[in-house]
Amino acid sequence: MKKRAIVTGASSGIGKEISGVLVEMGYEVYGFGRSFSDEEPDQIDTKRDLTGKICTENGTDAQNEEKGMLHRIVCDLLDTQELERQIKQIRRQGGVQLLVNNAGVGYYGLHEELNTQKIQKLVRTNLEVPMVLTSLLLRNLKKCAGTIINISSVTAQLNNPHGCAYGATKAGLSSFSRSLFDEVRKYGVRVVTIQPDMTKTELYRNADFAQGEEEASYLLPEEIAETVRDILYMREGAVVTEITLRPQLHRIRRK
Ligand SMILES: NC(=O)c1ccc[n+]([C@@H]2O[C@H](COP(=O)([O-])OP(=O)(O)OC[C@H]3O[C@@H](n4cnc5c(N)ncnc54)[C@H](OP(=O)(O)O)[C@@H]3O)[C@@H](O)[C@H]2O)c1
């Protein structure tokens, strides 16, 4: 039977790449997002070998014959009732071995300029939703000694002027993640916190800055997804609990 995974924010950026890697690893992925681009097939057909190299449909890599599939779930994660309904439906169909809390929003600027709605969206999307999903799935994950991967941010470890609220939600998520590992490790559940630095995605659509032009000034979403794959290939009994990824250069560009 295929392993089953839930990935939030599967419609773009880091979550989309993670979903692709999980499908390549043979997972049946339930990917949550509000809007998926229409051109994408429900089932991802691309196959890669374990080094990440793309194989053709007729590729001869026997290790990868078993590929998974992606179910796109259109759902606003802030609609808690609908989220619970969707999760209950997935649980009824069988076990869930992996939860990737990836969905997030970013609002930046002077704190006095963030309105109440933006603050609530930050806290709810980046912190409340991962906590709620974890609670809805934890019994299930304990039964199958599953894995929770929380996509936090390097800002969790820093002082973040012009990003005080965003950084606080990520510090909260990293703290939750660390404590949860201590709570559930005896049940064989792995809890992993990934803290990426600036990554080339649409996260900064609302900001007045973006990543620098040079390739060394940002990470690629594929690189975070490859990290997820490496974590999942660790032998049972060994856990990477926290990983920080940073680009070589620290550069941002004003828009
Ligand atoms: N990019 C970076 O530099 C960076 C650095 C560190 C950490 N991160 C973290 O990485 C995670 C992924 O971000 P990204 O960089 O890949 O940005 P992104 O391309 O903007 O992706 C964000 C994802 O979250 C989903 N999402 C947001 N609100 C949602 C809601 N209410 N309901 C359902 N889905 C929702 C979006 O889906 P829809 O739009 O379809 O709803 C989208 O798939 C975030 O947690 C972010 O904080 C990013």
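# Report on a predicted protein model with a bound ligand

The secondary structure of this protein consists of five helices and eleven strands. The model is predicted. The protein has 255 residues, of which 51% count as buried. The area that the protein exposes is about 13200 Å², and 47% of this area is supplied by carbon and sulfur atoms. Among contacts with a separation of 6 or more, 73% are between residues 24 or more positions apart.

## The surroundings of the ligand

Which residues come nearest to the ligand? Of the 32 residues around the ligand, these are Ser-11, Arg-34, Tyr-166, Thr-201 and Tyr-204. Sorted by class, the shell holds 13 nonpolar, 13 polar and six charged residues. Two helices, α1 (13-24) and α4 (164-184), each supply at least two residues of this shell.

Polar atoms of the protein also lie beside atoms of the ligand, as the following table shows for Ile-14, Asp-76 and Lys-170.

| Residue | Atom of the residue | Atom of the ligand | Distance |
|---|---|---|---|
| Ile-14 | backbone N or O | oxygen | 2.8 Å |
| Asp-76 | polar side-chain atom | nitrogen | 2.9 Å |
| Lys-170 | polar side-chain atom | oxygen | 2.9 Å |

On its own, the ligand has 890 Å² of accessible area, and the protein covers 96% of that area.

## Aromatic pairs

The count of aromatic pairs in the model comes to four. One of them is formed by Tyr-108 and Tyr-166; the pair is tilted, with 5.3 Å from centre to centre and 55° between the planes. Where do the two residues of this pair lie? Tyr-108 is found in the loop between β6 (98-101) and α3 (116-143), whereas Tyr-166 belongs to helix α4, so the pair ties together parts that are 58 residues apart in sequence. Tyr-108 has a relative accessible area of 17% and is therefore buried, since buried means under 20%. Tyr-166, at 8% relative accessibility, also counts as buried.

A tilted aromatic pair is also formed by Tyr-204 and Phe-209, with 5.3 Å from centre to centre and 50° between the planes. Both of these residues are buried. Ring pairs link Tyr-108, Tyr-166, Tyr-204 and Phe-209 into a cluster. Two members of this cluster, Tyr-166 and Tyr-204, were named above among the residues that come nearest to the ligand.

## Two buried residues

Is Ile-90 buried or exposed? This residue has its place in helix α2 (residues 80-92), and its relative accessibility is 4%, so Ile-90 counts as buried. Not counting residues up to four places away in sequence, Ile-90 touches Arg-4, Ile-6, Tyr-30, Phe-32 and Val-96. Of these, Arg-4 is 86 residues from Ile-90 in sequence, yet the two C-alpha atoms are 9.4 Å apart in space.

Asn-150 is placed in strand β7 (residues 147-151). Its relative accessible area is 0%, and Asn-150 is therefore buried. Which residue joins its side chain to that of Asn-150 by a polar contact? The partner is Ser-177, and the contact has a length of 2.8 Å. Leaving aside neighbours within four places in sequence, the residues in contact with Asn-150 are Asn-101, Leu-173, Ser-177, Val-191, Val-192, Thr-193 and Ile-194.

## Partly exposed residues

Val-123 lies in helix α3. With a relative accessible area of 39%, Val-123 is partly exposed, because that term covers values between 20% and 50%. Apart from neighbours within four places in sequence, Val-123 is in contact with Glu-128 and Thr-169. The C-alpha atoms of Val-123 and Ala-165 are 8.0 Å apart in space, although 42 residues separate the two in sequence.

Two loop residues deserve mention for their phi angles. Ala-145 is not a glycine, yet its phi is positive, at about 45°. The place of Ala-145 is in the loop between α3 and β7, and its relative accessibility of 42% makes it partly exposed. His-162, likewise a residue other than glycine, has a positive phi near 70°. The loop between β7 and α4 holds His-162, which is partly exposed with a relative accessible area of 48%.

Notes: Residues are numbered from 1 along each chain as its sequence is written. This is a predicted model: local features need pLDDT of at least 70, side-chain atom pairs count only at pLDDT 80 or more; totals for chains, interfaces and linings use all residues. Side-chain values use heavy atoms; hydrogens and water are left out. A residue is near a molecule or strand if one of its heavy atoms lies within 4 Å of it. A polar contact is a pair of N or O atoms within 3.5 Å; within protein, one must be able to donate a hydrogen and the other to accept it, and residues adjacent in sequence count only if both atoms are side-chain atoms. Accessible areas come from the Shrake-Rupley method with a 1.4 Å probe; for residues, only the protein chains shown count as cover. Helices (H or I, at least four residues) and strands (E, at least two) are DSSP runs, numbered from the N terminus. Ala, Val, Leu, Ile, Met, Phe, Trp, Tyr, Cys and Pro count as nonpolar, Asp, Glu, Lys and Arg as charged, and the others, Gly among them, as polar. Buried means under 20% relative accessible area, exposed over 50%, partly exposed in between (1.4 Å probe, protein chains only). Contact means heavy atoms within 4.5 Å. Rings of Phe, Tyr and Trp (its six-membered ring) pair if their centres lie within 6.5 Å; planes under 30 degrees apart count as stacked, over 60 as edge-to-face and the rest as tilted.
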